[in-house]
Structure formats: C-alpha cells, structure tokens
Amino acid sequence: MNAEIRPIRTPAEQAFIAALDGLPASGDRLADLRLAAARSFAEHGLPHRRVEEWKYTDLRTLMREAVPVAGTAAVAEADARATLLRGVEARRIVVANGAVVPELSDLADLEAGLSVTTLAAATAAGDEVLSRIGGILPGRYDAALALNTALARDGVIVTVAPGAVIERPIHVAHVFAGASAAASYARSLVVVGAGAKLTYAESFEGPEAMAYQANSATEFTVGDDAHLDVVRLQEEGTGAFHLSTLLFDVGRQAQVHAFSFGIGAAVARTSLYATLSGESSHVGFNGATLLKGRQHADSTLLVDHQVPGCESRELFKTVLDDQTRGVFQGKIIVRQAAQKTDGRMMSRALVLGDEAEMDNKPELEIFADDVQCGHGATCGAIDDDLLFYLRARGIPHKEAQSLLVQAFVGEAIETVEHDGLREALVERAEAWLKARA
Amino acid sequence: MPAVQETVDQVRSLDVDQYKYGFFTEIESEKAPKGLTEDTVRFISAKKDEPEWMLEWRLEAFRRWQTMPEPNWARVSYPPIDYQELYYYSAPKRKEALSIDDIDPEILATYEKLGIPLRERDALLGIQSGGSKVAVDAVFDSVSVATTFKEELSKAGVIFMPISEAVREYPELVRQYLGSVVPVTDNYFATLNSAVFSDGSFVYVPKGVRCPMELSTYFRINERNTGQFERTLIIADEGAYVSYLEGCTAPQRDENQLHAAVVELVALADAEIKYSTVQNWYPGDKDGKGGIYNFVTKRGDCRGDRSKISWTQVETGSAITWKYPSCILRGDNSQGEFYSIAISNGYQQVDSGTKMIHLGKNTSSRIISKGIAAGHSDNTYRGLVTAHRKATGARNFTNCDSLLIGDKCGAHTVPYIESKNSSAQFEHEATTSKISEDQLFYCRQRGLDPEEATALIVNGFVKDVLQQLPMEFAVEAQKLIAVSLEGSVG
C-alpha cells in the first residue's frame, strides 16, 4: 500500500548506479539502449516485496552486497569448471564471466545456414545482427534485465537461416571462474528463421560457497513455422546469485519448447517473457526445480497471447527440502483479438522439508470470450498411500521417497525432446537425490 | 467455447438497465454537516449517545485514517473520491420508534416495496406461503429503523439489535469484540468505517444455543450524496449456531455513492456462523454513470477449536465491488468456506475473492468462486490461501471459474497460494471437470455427458447453501445459479 514511498538506495543499488555512470553518453543504438536501461535502473532500483512481480523474491533485501564486475577468466580454470552436459554431443561454446572463450569454443565447421558469432565480435565489426538486440521487450520494468542490458558486453549470437535444420544442438556453457566474488553479465541472441529448426542448451555453474552473481539474458526470435527447443540446466555454486531472463517472440505456426532445470544457487530467479505474435503457434514452457538447504528459487513467467489460435502449456515442478523456498508466478494474458486460445498452466510442488515454503501465484488475464484457459496449483507432502504401497513391497523409506520424487520430477523432464539432453537432466536429478540420501 | 445462449439471456435479464430497486423515498432526514472532520465523528458519536470510550475509539481511527493513502492495488479504476463532499450521517427525521407503529409509514412502505416485511404479523403470514421465519434488522441510510422478532429471540438468549443500541446496552461485549477481527488500522476503508460507522447489526448467540431463526439485515441507501458505513459484529459463543443474511439496494442516481462496511465474525469453540449476502446495490446505468462504490472489509475469526465460518455471496450490484470476505482459521480443526457468484455487466468492476489464513492445526478451507462478466465489465477473482509454520495438516481446495459473455469484458484470476509447512495440502484448480471424479463418474454412468454432470454437481453444491436463504433472496439468487457454467474458463 505504500508502494509510492521511494525507498532509500541500498549500498548495492548505489554501487550499481555508480557502475552505470561510466557508460558513454551516446553513440550507436546499442549504447543508447544501455543508457536507457541504466536510467531506468537509476529510477526504479532493485525491486522489493511491494513490487508485485518480485513479491516473493525481494531483491533489495536478498542482494545486499554489490560485487565488482568480473574480469577475464583464466582459460584453464574456465575449462576445468565447465563440466555440465559434457557427455552430450553438441557444439559447445564456453562463456566465462560473461565473455565467450574462443579457445574453448567450437566455432568452426558451421553447418549450412548456421551462423555463430559473439556480441563482442559483432560490436567490433558493427554487424547488422546487433539491431535485433533489445528487440523483444518484457512490457514492464525488470531490474535484472535492465542491469543485463546496461552491463553485458559479450554473449553468443546464433542465427539460423530460413529452412535450415540444425541437428547438432548448440550448448552454451556459462561458467564463473575466479578467486573472489564478482558479477558477470552475458547477453545472447538466437534468431531462428522461418521453417528452421534448432536445439539450444544453456548451462550455468561456478565455484561452491562463493557469493558471485551471474546475470544472463537471452532473446529468442522464432520465425514462422520454425521449431526451437531450449534446454537449460542451472547448477550454480551454493553461494551464488543467479538471475536470468528469457525473452521469446514466437511467429506463426511456430513450435517452441523450453525446459528449465534448476538445482543450484543460493538465490535464483528466472523470468520468462513470451509474446505470441503469430497465429496458431504452439509453445510449451516447462521447468523443474530441486531445492535443499536454504536455497531460494523463483520461476516467473508471462505468456502474452496476442493473436488467435495459439496454444500454450506450462508445467512446473518444484521439490522443496529443508528450509528452502520455492516461488512460481505464472501469468497468461489473452488479448481481445486472441480468440480460440488454448492455455493451460500447472504448478506442482512437493514439500519434503518441514520448514520449506512454497508460494504459488498462477494468474489469468482474459479479454477474449471464445477461449479455453485453465490453471492449477498444488502443494503438499508425498502421498502417504503411495509411500505405503512401495514400503509394503519391501522398499526402504528413503528409497521409496526417492522413487516418488524421481517420478514427480520425471513428468516435467520428459517434455525434453532431445534424447541426450533429457538423459543428462535425468542423471542430474538422480545425482541430487543420491546426495540427499 | 463461447457461452451458450441460455446463459447469455439469463445474464441479459439481469442487465443494469433493469434495476428494480432504483426508486427514491421522499422523506425528511437529518444529516450531519457535509464533509469529514473530528467534529463529524463527534457529531455521530453524540447522536448515538455513545460512551466516552467509543468516541475515543472513533477519534483514534479518524486520526489514523488521515495518515493513510488510499489503496490502489485492486483492478478497479474510478475517479478520486472527494471525502469532504459526502454526508457521513443521515437519519429519517422522527424520534426513535418504540414500536412498529411509530415508524414513518414512508419507510414501512419502502421496505414493503423491497419485499422486506417489517411487521411481524406480515412476516408470519409469509410462513404460510412457504418462507421460513426471519428476524430482520432494517437499516435506512445511517440508522436502524426496525428490528423484528426481538422478543422471541431474547427468550432464546440471542441478542439481535442495532449496534448503536448494543454499545449502550452491552458495552462490555461490544468492547471486547469490536475491532478484534478487523483492527481499527486494518485498511483505508476499514479505518474510515471505524471512525464514522453509524449503524449495523449486533448479534450475540450464547453458549450452546442454536439461533431459532434466520437473522437478517436489510441495508437501504436512500439519501443523496450519503455514504453508508455500516458495522456488523456477530459473536457465536461456544457451541452456538447462527445463520445471518444481508441484503442491500439503493436508488438509481447519476452520482456515485460510497458504501464502506466492516463485518466482523467471531466463532468460539464448536460454534458455527453462516453468513450470506445478496448484494444488489445500484450498479450504475448502461453507460457506467452512477452506482455504488462498494468497498467492504469482511472477516471471520474461527477463534475456537472446531469452529466454522461459511461465507456465501451473490454479487450482482455496485459499480465497483472491492470485497474479500476472509477466514482466520485460528482454532485447531476449524473450517472456513467461501462460496461466491459474482456477475458483472455494463461498466461494473468487480475485484473480489477471499483470504483463508490457516493458523491452527488440521484446519480446512474451501473456496468456490464463479465469476461471470458481460458487457464492458471487468471481473477479477483475487484470493489468498496461506498456511503458517504451525498449521500442520492444513487443507484447502479452491475452484475459481469465470465466464465471459461478449468480447468487451475481462475476466481475471489472481490467486496467491502460500504454504509454509510440509503437511499442508493445497489444491487450486480452474477447470470445471475436476470437481469430484467420483461424482462425475456416477453421473456419467447414468448417461449424463460431462458438461451436464458438472453443471449438475456444481449447481447442487451451491444450491445447498443458497436454499437456506429466505424466500425474497432465494428467488433472485436461484435465477443467478441457473446460469449455465458452460464455456467457463479458469
């Protein structure tokens, strides 16, 4: 109710504002974009619990410390740190501390129709593709994205020409390397041309017990009839602060599936914004989060149906152990023009820890009358009947629990189409359960 | 899928243009000077002959209110209200009526026209035509004009009287409970109400007593530019039961009128309170001109173990509805229920829902909300279900459906579901097909298709509660229930 009261800037906010002060006054489009983002951050600052979209993840309180922007990582350390999804046959690109490491990245022998470059290289060359950066807007102020826009200097830019089918997945491995806590910013762009097909994976990791901050944002522009699969694995170190923003613009009859798997970080927030701007597209945004200790994870998404006949599906599973806190905020908007929309959103939470907390907020905003929309949210402990059934068959308590958790998470992981990636995620889930037992 | 024709017709027949209760009663009234100052508060308190503590209580609320900003988080928009342009007290000019025959015949006629019999003899005649006996407290603008069946109720030990009388006659009870559920500083409109409330009903049902008849209050705003600030306090002592009904109407006017009420319910151990509302304030005309701003704070406190509070609301009126009847489930094994049907048409805006706050062990709550939006209206369900650390075994089931008729209206759902302990079991759903698989299966086995079966189950379910309403409400309410749920969206 006191939202209009302007809070005093915290040390972290002041440090960010100071860091943003050094931006060049003007120049090209990208510089202007950065400046605008810096200005809006200076105006709004970090969101707190009175800001509806951050109600359950009070960045202002959680992000007390301001850490310096990370320097260049040592190649050997970055290489040693990038362990996730190594077993998956993919074109690997390593992004350490927000900068692409060419020595560790597979940028040669590109398939026909595929082009891969970096934001830094594109900026140096004045590449035309830069005009697409910042092309998809979330429609509301997002502090994480504003910081990313203002401070990111590198990232991966992938373009798939119309009609090209890229079988080999692209895997962008984000790592944090260094001896002391710092903040990294990576900005990526994926453009899938009309009728093209791509599988894009992202992984995030870093050292244990270090309060580093990783801020990543990726824009996906999906052309008409295109097909895009996105698979994300977030296993940041236990002290890390992870902020990521995904922005989608989906064309006519396109198919987009994104799966986010979160295990790591002390505090993680993933914001997904999808604009369905072409008729009859099909999108599926799914996720699974496994939490233990005192972790805090927030999945927030906004799916905006602007045109008729689109279908959206969201399924998010959260497993909460110990004193963790899970947040799911999903919002489906159906505009007046978006008749025949079919939108379904589901959030399920399995609470294992007595002191864990789950906050669900599935929202619908509907302005068209001929639609089918629904949402559901459940939250509870493991069903005693199911446990009893397994135990009656001689399975020990812990194991029975593990089996049920695995089945619970499995339903979401199964939506990943790529075999190798799906298996890798199942393996990570199993490892998590094993560590728990 | 779009709404079926039957539903469209049904909603149209309830259209804003067809408001039946829009007449105005020509009657001399006594008003407080326009505007709101400490003097207004003192004026009201003096009019009511209140003890010193009550005045202090009001003044404290008023001082607090002056420091509060008006809330803006609800999905409603309206031009700023000029609180100094309103009258905060208006009473028909006649000395307090000692018996029904002393009441101004104009007022009696008004209530008769509204279908509310204030003469016990008339009410008893109603029994023969099938209605049940209902005790009525009639509130006209700022004062209660009549309370029926007082004697019969007092034989059972039930206290049912205007709250202004209760302040004088049962000060210790009022003092103990007033503001204990909705604190003076709860929110902007509740605080305003605490400062200037003029009348409302007070109910106390003693230990182990099942209230022998339905209690009801009928609110009528008559005077121009007048805000109605009613305050209702219902206390069900251990093992008591009471069913309470509330109805409201207002004349048809071009300007907006403010209605900011506070309702507090207290259920002690093993007590049950059933609170039903048929809200039919003037909704404004078809262009959105006029209508009541209905900013209401209703909250029930299940203070004792095994207590139960059930809210039922049928919302068809008001230009703006801002209302969240809530339950604080404090006692172990206590239960809260919320059944709501909100229909908006024309330019009406509804932002309504409930809060179920689970504090005690093994508490359970159920929320069934149906929103129907037509015309240019906006209909929002906003609800909170929360289980605190110690609320082990808390359970909630929520089902909120909304239906849009036409493409100029909006339906929104904003549920907050917060679980802070592992044994809480929360389910929230927005599909009509999932109500009870068993019941569905049973109906389908008998040849009903899923839609018919669902409608049957939901209607049967809601009807259960609505059939308990007295005749004059039931007719209206049942008409609304007849609205098909076909084509619902979450």
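## Chain A and its contact with chain B

UniProt, in an unreviewed entry, places the feature "domain: SUF system FeS cluster assembly SufBD N-terminal" at residues 28-172 of chain A; such positions follow the numbering used here, feature names are shortened, and annotations may be inferred rather than shown by experiment. The model is predicted: local features need pLDDT of at least 70, side-chain atom pairs count only at pLDDT 80 or more, and totals for chains, interfaces and linings use all residues. Residues are numbered from 1 along each chain as its sequence is written, and chains are lettered from A and ligands numbered from 1 in the order in which they are written.

Residues 28-172 of chain A are 30% helix and 14% strand. Chain A has nine helices and 19 strands; helices (H or I, at least four residues) and strands (E, at least two) are DSSP runs, numbered from the N terminus. Of its 437 residues, 54% count as buried, that is, with 20 or more other C-beta atoms, placed from the backbone, within 10 Å of their own.

Contact between the chains involves 33 residues of chain A and 33 residues of chain B, two residues being in contact if their C-beta atoms, placed from the backbone, lie within 7 Å. Two elements of chain A give two or more residues to this side:

| Element | Residues |
|---|---|
| β18(A) | 357-366 |
| β19(A) | 372-380 |

The largest share, ten residues, comes from β18(A). Four bridges join β19(A) to the antiparallel strand β24 (residues 425-429) of chain B; strands pair if DSSP finds at least two bridges between them. A:T378 stands opposite B:E427 in β24(B).

Key:
Buried ≥ 20, exposed ≤ 12 C-beta atoms within 10 Å, placed from the backbone.
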